[in-house]
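Trainee: I have a model open and a list of terms I keep reading. Can we go through them together, term by term?
Mentor: Yes. Ask how each label is earned.

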Amino acid sequence: MKYYLMAPGPSTIPERVLLEMAKPIIHHRTQRFEAVLGKVRAQLKQIFQTQSDVLLFSSVGSGAMEASITNFFSPGDQVIAVVSGKFGERWADQAVVFGLDVVRYEIEWGKAVDLNRLRELLEKHPSAKAVLCQACETSTGVSHPIKEMGQLIKSRSNTLFMVDAITAMGIYDIKTDEWGLDVVISGSQKAFMLPPGLSMMSVSQKAWEFNKVSKLPKFYFNAKEEAKAQSKNTTHFTPAISIIQGLSISLDMMLEEGLPRLFKRHARLAKATRESVKEMGLELWAALPSDSITAVKTPSGIDGEKIVSHMAQKYNVTIIGGQDQLKGKIFRLGHMGYTGEFDVLAMIGATEMTLKDLGHNLTLGKGVARALQVLHQELKS
Ligand SMILES: Cc1ncc(COP(=O)(O)O)c(C=O)c1O
């Protein structure tokens, strides 16, 4: 049975990228690798919509999260961390581990940042050196109002805005420079259509000023050393060579599609998913749903974990359940990266059949029909 990976990451890897990564490995201290890194660096700036360098680390996304803490702060520095789900919690916890004074802006899991509340927090904590927030909180499917948050933070010369765009970059519009985003991180296994193992971090001029006075220890994730090396198209340590070669191809694919069409495709797939879920009589979990994943409230009487395991075992479609406090309460449908209209239809169809198998009262095909209507309509316009 054909396998469909429809998780909120890792996501499917295109054949073009797989073939590139299957080539015999080259050495990284060679002109050949430097040419690849030079190309990738220029392309990443286009995707991140920034003039600043986008640094690469050979790590999963959590490594870049850690790098964003250790490279810009000193022990005792205060930061405001938006905690609206699993990944906000992780970032706040990392900041605590490294000795920062963390003001947690706790938000009910499933809700988005309230700009008035953020304004209040910024006024109450004038010495806060940063605001940390996910663009998309993958654990709940919420997208936060990053542009508007940037407007509140931009004018404060002593405050950085750090955005975890791990499930947003390359999916919907994130204008790093225009919106005043100082540090933006992402990871390879989502919209970049690669295996896990490579993370990215853009650093604004303002953030580099913070780096100059930062006293937290740094060794592996040393942004300054990486920037020095990467400006010469090499890396401080041995990089994830094959993934970077794959990235060169996935970036080609993203830029061949072009950012407007890339964002439009994700918006279209997300809309079709949301509409079909509602047509099945189910509710969306996120107050402000992102275009990368759709979190769905599990219908009463059915365990969300069972939906995930049944769909995997019976239909060979991987989706993912809720994490921590949302375990069993939601299931999450991914539609990012190398995903097209017909993948979404397969995912919706498998969801309907699974729910039917588990006793949910629905008419098979209603969700798929709704998705078809939305996709057909959106493709016309
Ligand atoms: C928003 C967000 N932040 C951070 C992470 C952590 O990334 P990784 O699992 O690559 O460490 C994830 C992973 O799903 C994520 O979705």
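**Domains, cores and contacts**

Mentor: Start with the domains. The centres of domain 1 and domain 2, taken over C-alpha atoms, are 28 Å apart. Domain 1 gives 28 residues to the contact, and domain 2 gives 24 residues. Keep in mind that this is a predicted model.

Trainee: Where do domain 1 and domain 2 lie in the sequence?
Mentor: The domain assignment puts domain 1 at 15–256 and domain 2 at 259–380.

Trainee: Why is threonine 70 called buried?
Mentor: Its relative accessibility is 5%. Buried means under 20%. So threonine 70 counts as buried. Threonine 70 is part of helix 3, residues 61–70. Beyond its sequence neighbours within four places, threonine 70 is in contact with Phe98, Ser214, Leu216, Pro217, Lys218 and Phe221.

Trainee: Why is glutamine 46 called partly exposed?
Mentor: Its relative accessibility is 45%. Buried needs under 20%, and exposed needs over 50%. The value of 45% fits neither, so glutamine 46 counts as partly exposed. Glutamine 46 sits in helix 2, residues 31–48. Leaving out residues up to four places away in sequence, glutamine 46 touches Leu255 and Leu259.

Trainee: How far is glutamine 46 from methionine 280, in sequence and in space?
Mentor: They are 234 residues apart in sequence. In space, C-alpha to C-alpha, glutamine 46 and methionine 280 are 39 Å apart.

Trainee: What makes strand 5 mostly covered?
Mentor: Count its residues. Strand 5 covers residues 130–134, and 5 of its 5 residues are buried. In a regular strand, side chains alternate between the two faces of the sheet. Check both sides, then. Ala130, Leu132 and Gln134 are buried on one side of strand 5, and Val131 and Cys133 are buried on the other.

Trainee: How do you know that strand 5 and strand 8 pair?
Mentor: Pairing takes at least two bridges. Strand 5 and strand 8 (residues 160–164) have 5 bridges, so they pair, in the parallel sense. Leucine 132 has methionine 162 as its bridge partner in strand 8.

Trainee: What joins strand 3 to strand 5?
Mentor: There are 3 bridges between strand 3 (residues 78–83) and strand 5, and the two run parallel. Isoleucine 80 has valine 131 as its bridge partner in strand 5.

Trainee: Which residues have the most contacts inside the largest nonpolar core?
Mentor: That core has 61 residues, and Leu44, Leu56, Ile146, Met149, Phe161, Phe192 and Leu247 have the most contacts inside it. Helix 9, residues 241–257, gives the most to this core, with 8 residues. Domain 1 and domain 2 each supply at least three residues to this core.

Trainee: What does leucine 44 touch?
Mentor: Leave out residues up to four places away in sequence. Leucine 44 then touches Val54, Leu56, Phe192, Met200, Leu247 and Leu251. A second, separate core has 32 residues, including Met65, Val102, Leu160 and Met201.

Trainee: How many residues surround the ligand?
Mentor: There are 14, and the closest are Gly61, Ser62, Thr138, Asp164 and Lys190.

Trainee: What makes the pair between serine 62 and the ligand a polar contact?
Mentor: A polar side-chain atom of serine 62 lies 2.5 Å from an oxygen atom of the ligand. The limit is 3.5 Å, so the 2.5 Å of serine 62 qualifies. Threonine 138 also has a side-chain N or O atom 2.5 Å from a ligand oxygen atom. For glutamine 189, that distance is 2.8 Å.

How values were computed: Residues are numbered from 1 along each chain as its sequence is written. This is a predicted model: local features need pLDDT of at least 70, side-chain atom pairs count only at pLDDT 80 or more; totals for chains, interfaces and linings use all residues. Side-chain values use heavy atoms; hydrogens and water are left out. Buried means under 20% relative accessible area, exposed over 50%, partly exposed in between (1.4 Å probe, protein chains only). Helices (H or I, at least four residues) and strands (E, at least two) are DSSP runs, numbered from the N terminus. A nonpolar core is a set of buried Ala, Val, Leu, Ile, Met, Phe, Trp, Tyr and Cys residues joined through side-chain atoms within 4.5 Å. Domain bounds come from an automatic or database domain assignment. Contact means heavy atoms within 4.5 Å. A residue is near a molecule or strand if one of its heavy atoms lies within 4 Å of it. A polar contact is a pair of N or O atoms within 3.5 Å; within protein, one must be able to donate a hydrogen and the other to accept it, and residues adjacent in sequence count only if both atoms are side-chain atoms.
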